[in-house]
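Grab a pencil and have a go at the exercises below. Try each task on your own before you read its solution.

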Amino acid sequence: MYVQPGAGVRARLDGRWQVYCQTDAPGTDKADAKGPCLNADHPDRPVGRNGVNRFAGLCVECSVTIAAGAGLLVPCVDGKRRIQCPVCRDVALRCERWDENDQSGTDPWITDVVPIGCAPTIPVRVLALKRPCWKCDEVITCVVGLHPDRPSPAEGSPRMVDECSRAWIKELLQDHGFVRLAASIKPRWSSTLGHRYLSSGCINCDALQGDFPLDEEASDLVREGGVESLDTLLVAEIASPVWQRVVHGLRGEGSGLLM
């Protein structure tokens with residue numbers, strides 16, 4: 001039987017993780033199945049029993065909008081239960097079980113297929129700070145962070161910008177008229193790292209603006225004044241899988257927080 005994302009139950013059997021439908025999951029009494037309980041007046045609306053969210057909301061980890069009945073209610077450190085989307089749930093289970101082949105494999109953890117009930121896009125703020133270039137001392141703008149425009153209540157600090165996210169941020173900047181700033185993002189040689197990487201640079205003298213000093217400055221500002229201490233260059237609709245790869249990384253390692 002095909003089980004839709006977010007509707008099944010994972011259970012470990014004989015050392016392997018398997019997906020079961022709600023009624024066939026090991027340890028489940030079929031007379032008291034733990035599947036979504038349906039409203040008699042509106043059979044398409046779950047009533048919120050046994051871990052199924054009754055109302056639409058934001059995923060506790062990635063802030064992607066989840067429709068009623070999609071995703072799961074999971075306990076949080078503050079004792080409350082919040083919605084977790086199927087993608088974040090799958091990443092959490094992969095990290096929990098720690099399969100070395102899975103952790104170091106090549107198959108993508110997060111595909112471009114959006115699970116049923118999850119919004120295909122999420123509005124994301126592109127955050128920047130102004131600082132003097134270390135080489136020419138001209139004040140320049142550098143993209144340093146990403147943050148949902150409508151974050152979940154449990155959403156933490158903004159996410160750091162890394163080499164992977166700079167690739168699509170460069171395209172966003174071009175599309176929204178930040179042509180010079182987009183042009184300043186390009187591969188440069190780093191004597192500290194010993195290789196070239198897609199980096200931020202000065203629009204005047206082209207000097208590389210290193211990730212470490214940028215992240216350190218941005219983190220100091222966020223600790224003192226929160227997200228609003230950084231400039232919002234634009235708010236753009238980003239494909240949910242793209243944003244979830246920013247949140248979780250390629251193998252559950254995440255992109256790091258400005259904090």
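What follows is a set of short exercises on this predicted model, each with a worked solution.

**Exercise 1. Get your bearings**

Task: Find how many helices and strands the chain has, and what share of its residues is buried.

Solution: Start with the elements: the chain holds six helices and 13 strands. Next, go through the 259 residues, of which buried ones make up 41%. Finally, look at contacts between residues at least 6 apart in sequence: 52% of them join residues at least 24 apart.

**Exercise 2. Take apart the largest core**

Task: Work out which residues touch the most other members of the largest nonpolar core, and which elements give two or more residues to it.

Solution: Step one is the membership, and this core has 34 residues. Those touching the most other members are Cys62, Ile66, Cys85, Leu146, Ile169, Leu173 and Trp243. Step two is to ask where the members come from. Two or more residues each are given by helix 1 (86-97), helix 3 (163-175), helix 4 (179-183) and helix 6 (240-248), and also by strand 7 (121-132), strand 8 (139-148) and strand 13 (231-239). Helix 3 provides the largest share, with four residues. Step three is to check for another core: there is a second, separate one of 14 residues, and Val144, Leu214, Ala218 and Val222 are among them. As background, nonpolar side chains in soluble globular proteins tend to be buried together.

**Exercise 3. Follow Trp243 and its helix**

Task: Decide whether helix 6 is mostly covered or mostly uncovered, then list what Trp243 is in contact with beyond its sequence neighbours.

Solution: Count the buried residues in helix 6 and you get seven of nine, so this helix is mostly covered (buried means under 20% relative accessible area). The buried ones are Ser240, Pro241, Trp243, Gln244, Val246, Val247 and His248. Now see what they pack against: helix 1, helix 3, strand 7, strand 8, strand 9 (159-160) and strand 13. Zoom in on Trp243 and leave aside neighbours within four places in sequence. Its contacts are then Cys62, Ile122, Val124, Leu146, His147, Pro148, Arg159 and Ile238. Last, step just past the helix: Gly249 follows helix 6 and has a positive phi, near 75°.

**Exercise 4. Pair up the strands**

Task: Give the strand order of the open three-stranded sheet and say which strands are at its edges.

Solution: The order is 10-11-12, and the pairing is antiparallel. Strand 10 (186-190) and strand 12 (208-209) each pair on one side only, which makes them the edge strands. Between strand 10 and strand 11 (residues 195-201) there are five bridges, and Arg188 has Tyr197 in strand 11 as its bridge partner.

Now pick out Ser190 in strand 10. Its relative accessibility is 8%, so Ser190 counts as buried. Not counting residues up to four places away in sequence, Ser190 touches His195, Tyr197 and Leu208.

For a second pairing, turn to strand 5 (residues 72-75) and strand 6 (residues 81-84), which are antiparallel and share four bridges. Val74 sits opposite Arg82 of strand 6. These two strands form a hairpin with five residues between them, and Gly79 in the turn shows a positive phi of about 90°.

**Exercise 5. Two unusual phi angles**

Task: Ser63 and Asp206 are not glycines but have a positive phi. Where does each one lie, and is each buried or partly exposed?

Solution: Begin with the background: most residues other than glycine have a negative phi. Ser63 has a phi of about 70° and lies in the loop between strand 3 (57-58) and strand 4 (65-66). At 2% relative accessibility, Ser63 is buried. Asp206 also has a positive phi of about 70°, and its place is the loop between strand 11 and strand 12. With a relative accessible area of 34%, Asp206 is partly exposed.

**Exercise 6. Hunt for a cavity**

Task: Find how many cavities of 30 Å³ or more there are, and which residues line the largest cavity.

Solution: Searching the whole structure turns up one cavity of 30 Å³ or more. The largest cavity has a volume of about 30 Å³. Its lining is made by Leu58, Ser63, Thr65, Ile122, Pro123 and Arg150. Sort these by class and you get three nonpolar, two polar and one charged. Ser63 from the previous exercise turns up again in this lining.

Technical notes
Residues are numbered from 1 along each chain as its sequence is written. This is a predicted model: local features need pLDDT of at least 70, side-chain atom pairs count only at pLDDT 80 or more; totals for chains, interfaces and linings use all residues. Side-chain values use heavy atoms; hydrogens and water are left out. A nonpolar core is a set of buried Ala, Val, Leu, Ile, Met, Phe, Trp, Tyr and Cys residues joined through side-chain atoms within 4.5 Å. Buried means under 20% relative accessible area, exposed over 50%, partly exposed in between (1.4 Å probe, protein chains only). Contact means heavy atoms within 4.5 Å. On a 1 Å grid over the protein atoms alone, a cavity is a set of points where a 1.4 Å probe fits but cannot get out, and a pocket is an open set with protein on both sides within 12 Å along at least five of seven lines; lining residues have an atom within 4 Å of a point. Grid points are joined across faces, edges and corners, and a volume is the space filled by probe spheres set on the points. Ala, Val, Leu, Ile, Met, Phe, Trp, Tyr, Cys and Pro count as nonpolar, Asp, Glu, Lys and Arg as charged, and the others, Gly among them, as polar. Two strands pair if DSSP finds at least two bridges between them.
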